[in-house]
Amino acid sequence: MKIRAALLQNMGLPTPYAQSRPLQIAELELRDPGPGEVLVKIRAAGLCHSDLSVIDGNRPRPMPMVLGHEAVGVVAKLGMGVADLAVGDHVVTVFVPSCGHCHPCEHGRPALCEPGFKANGAGTLLSGARRFGDEHIHHHLGVSGFAEHAVVARESCVKIDKTLPFDTAAVFGCAVITGVGAVVNTAQVKQGESVAVIGLGGVGLAALLGAKRAGASPLIAIDLSDSKLAIARQFGATHTFNAAAPDCAEQVRALLPAGVTHAVEMAGSAKALELAWKITARGGTTVTAGLPHPDARLPLSPVQLVVEERTLKGSYVGSCVPSRDIPRYIEWYQRGELPVDKLLTERIRLDEINAGFDRLAKGETIRTVVVFD
Ligand SMILES: [Zn+2]
Ligand SMILES: [Zn+2]
């Protein structure tokens, strides 16, 4: 079938994004789903900072590629052997497919799925196949959601409640599972523990909402932008600090001399992670879910790690089991405990996507969602 999709030809184009127009809205051929795959009619897809990182070359990926890794849609066709989904089901995409059989999958860590990691690196679906008519075009994290339709592995989607509006549902695919999962699964924040979130994009603000639901207190938000800090206060942050201040860590220590129990870094820079490390308490946990350039390095004192019994933990896909956690987080949203609809600041058409990324790069939006008819 013919689809319209946002295609990235080459990495490394300079910002500002809208002027360079790195994404072309192209008409492409999409083939039928193969065995174990499904065709999804995309209804909404979110613009995420890690899409920007592919565009600017910080996350090198094989090109050309149809971008988009946070999407929701309706199952339109089933490939051979898919028995647990039906045409018409609503599904949220997952940006690491999990085979269910490898060592990490069998030990409850599907975010580390070995075949899933390999497929994502190669820009293919979980099976190793590519389903665009032009064999040279790659899939983005098994999703390629900036398109009218997508073929994805069954393992790249989770069935959701049909009553959930599509624009809200989309953000569960990345911002919510990455942000809330980092707090709930990776840090395992408990009622009354102090939490600081550093970097207040869609993922960071979702983490803040997750920490508020977990009963974190005090709940600290840190960013370079005062307007993001104001949003964080509306989202429930009890204290905010601007990371541009050279004494930001000392300011946090003035509030909490012992430091914070959990410092969660969502900014994607080594500097932000260094700040998170500096404000973490003895015995505390520093969690990082940002995605800095592969060459970035972190200066740490190993002895501090030992004598303060510190923990430094990476968090990918929020250490989630998506088939368990996406429905669970949706339930929290529906009960009013996790108001992630507040993350949605803008709805655009596919043709407006370059300008949408431009505004995201400038920090003018939290989550922009492309909506499809
Ligand atoms: Zn993302
Ligand atoms: Zn696996």
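**Exercise 1. Find where V317 sits, then work out what is unusual about its backbone and whether it is buried or exposed.**

Step 1: V317 is placed in the loop between β15 (311–314) and α12. Keep in mind as you go that this is a predicted model.

Step 2: Look at the backbone. Phi of V317 is positive, at about 50 degrees, even though V317 is not a glycine. Most residues other than glycine have a negative phi.

Step 3: Check the accessibility. V317 comes out at 2%. The cut-off for buried is under 20%, so V317 counts as buried.

**Exercise 2. Do the same for S144: which loop holds it, what is its phi, and is it buried or exposed?**

Step 1: The loop is the one between β7 and β8.

Step 2: Phi of S144 is near 50 degrees, which is a positive value in a non-glycine residue.

Step 3: With a relative accessible area of 1%, S144 is buried.

**Exercise 3. Stay in that loop and describe the surroundings of E148.**

Step 1: E148 is found between β7 (138–139) and β8 (149–153).

Step 2: The relative accessibility of E148 is 27%, so E148 is partly exposed.

Step 3: List the contacts. Skipping neighbours within four places in sequence, E148 is in contact with I3, R4, V40, K41, I42 and F372.

Step 4: Zoom in on two of those partners. The side chain of E148 reaches the backbone nitrogen of R4 at 2.9 Å. F372 is 224 residues away from E148 in sequence, yet their C-alpha atoms are 6.9 Å apart in space.

**Exercise 4. Which residues hold the zinc ion (ligand 1), and which parts of the chain do C48 and C174 tie together?**

Step 1: Pick out the donors. They are C48 through SG, H69 through NE2 and C174 through SG, at 2.0 to 2.2 Å from the zinc ion.

Step 2: Write down their spacing in sequence. The pattern is C-x20-H-x104-C.

Step 3: Place the two cysteines. C48 is in the loop between β3 (37–47) and α2 (49–55), while C174 is in the loop between α5 (166–170) and α6, so this pair ties together parts that lie 126 residues apart in sequence.

Step 4: Ask about burial. Both C48 and C174 are buried.

**Exercise 5. Work out how helix α6 packs against helix α12.**

Step 1: Take the geometry. α6 (residues 175–187) and α12 (residues 322–334) meet at an angle of about 90 degrees, and their axes are 11 Å apart.

Step 2: Name the arrangement. An angle of 65 to 115 degrees counts as roughly perpendicular, and that makes α6 roughly perpendicular to α12.

Step 3: Find the residues that touch. From α6 they are V176, I177, V180, G181, V184 and N185, and from α12 they are R324, D325, I326, R328, Y329 and W332.

Step 4: Sort them by type. The contact of α6 with α12 has seven nonpolar residues, two polar ones and three charged ones.

Step 5: Think about helix geometry. An α-helix has 3.6 residues a turn, so residues three or four places apart point the same way.

**Exercise 6. Compare the settings of A6 and H262: which strand holds each, and what does each touch?**

Step 1: A6 is in strand β1 (residues 2–8), and H262 is in strand β13 (residues 260–265).

Step 2: A6 is buried, with a relative accessible area of 0%. H262 is buried too, at 5%.

Step 3: Leaving out residues up to four places away in sequence, A6 touches L23, Q24, I25, M65, V66, L67, F146, L350 and I353. On the same terms, the contacts of H262 are A187, Q188, V189, E193, S194, V195, A196 and T285.

Step 4: Add a detail for each. A6 and D351 are 345 residues apart in sequence but 8.5 Å apart in space, C-alpha to C-alpha. The side chains of H262 and E193 make a polar contact of 2.7 Å.

**Exercise 7. Where are the cis peptide bonds that precede P64 and P218?**

Step 1: One joins M63 and P64, with omega about -10 degrees. P64 is in the loop between α2 and β4 (65–66).

Step 2: Another runs from S217 to P218, with omega near -10 degrees. P218 is in the loop between α7 (202–213) and β11 (219–223).

Step 3: Put that in context. Most peptide bonds are trans.

Methods:
Residues numbered from 1 in each chain as written. Chains lettered and ligands numbered in written order. Predicted model: local features only at pLDDT ≥ 70, side-chain atom pairs only at ≥ 80, totals over all residues. Heavy atoms only, no water. Axes fitted to C-alpha atoms, helices over the stretch in contact; angles between N-to-C directions. Helix = DSSP H or I, 4+ residues; strand = E, 2+ residues; numbered from the N terminus. Parallel < 35°, antiparallel > 145°, perpendicular 65-115°, else oblique. Contact = heavy atoms within 4.5 Å. Nonpolar A, V, L, I, M, F, W, Y, C, P; charged D, E, K, R; others polar. Donors = N, O, S within 2.8 Å, 3.2 Å for Na, K, Ca; no water. Buried < 20%, exposed > 50% of the residue type's maximum accessible area, 1.4 Å probe, protein only. Polar contact = N/O pair within 3.5 Å; in protein donor to acceptor, adjacent residues only side chain to side chain.
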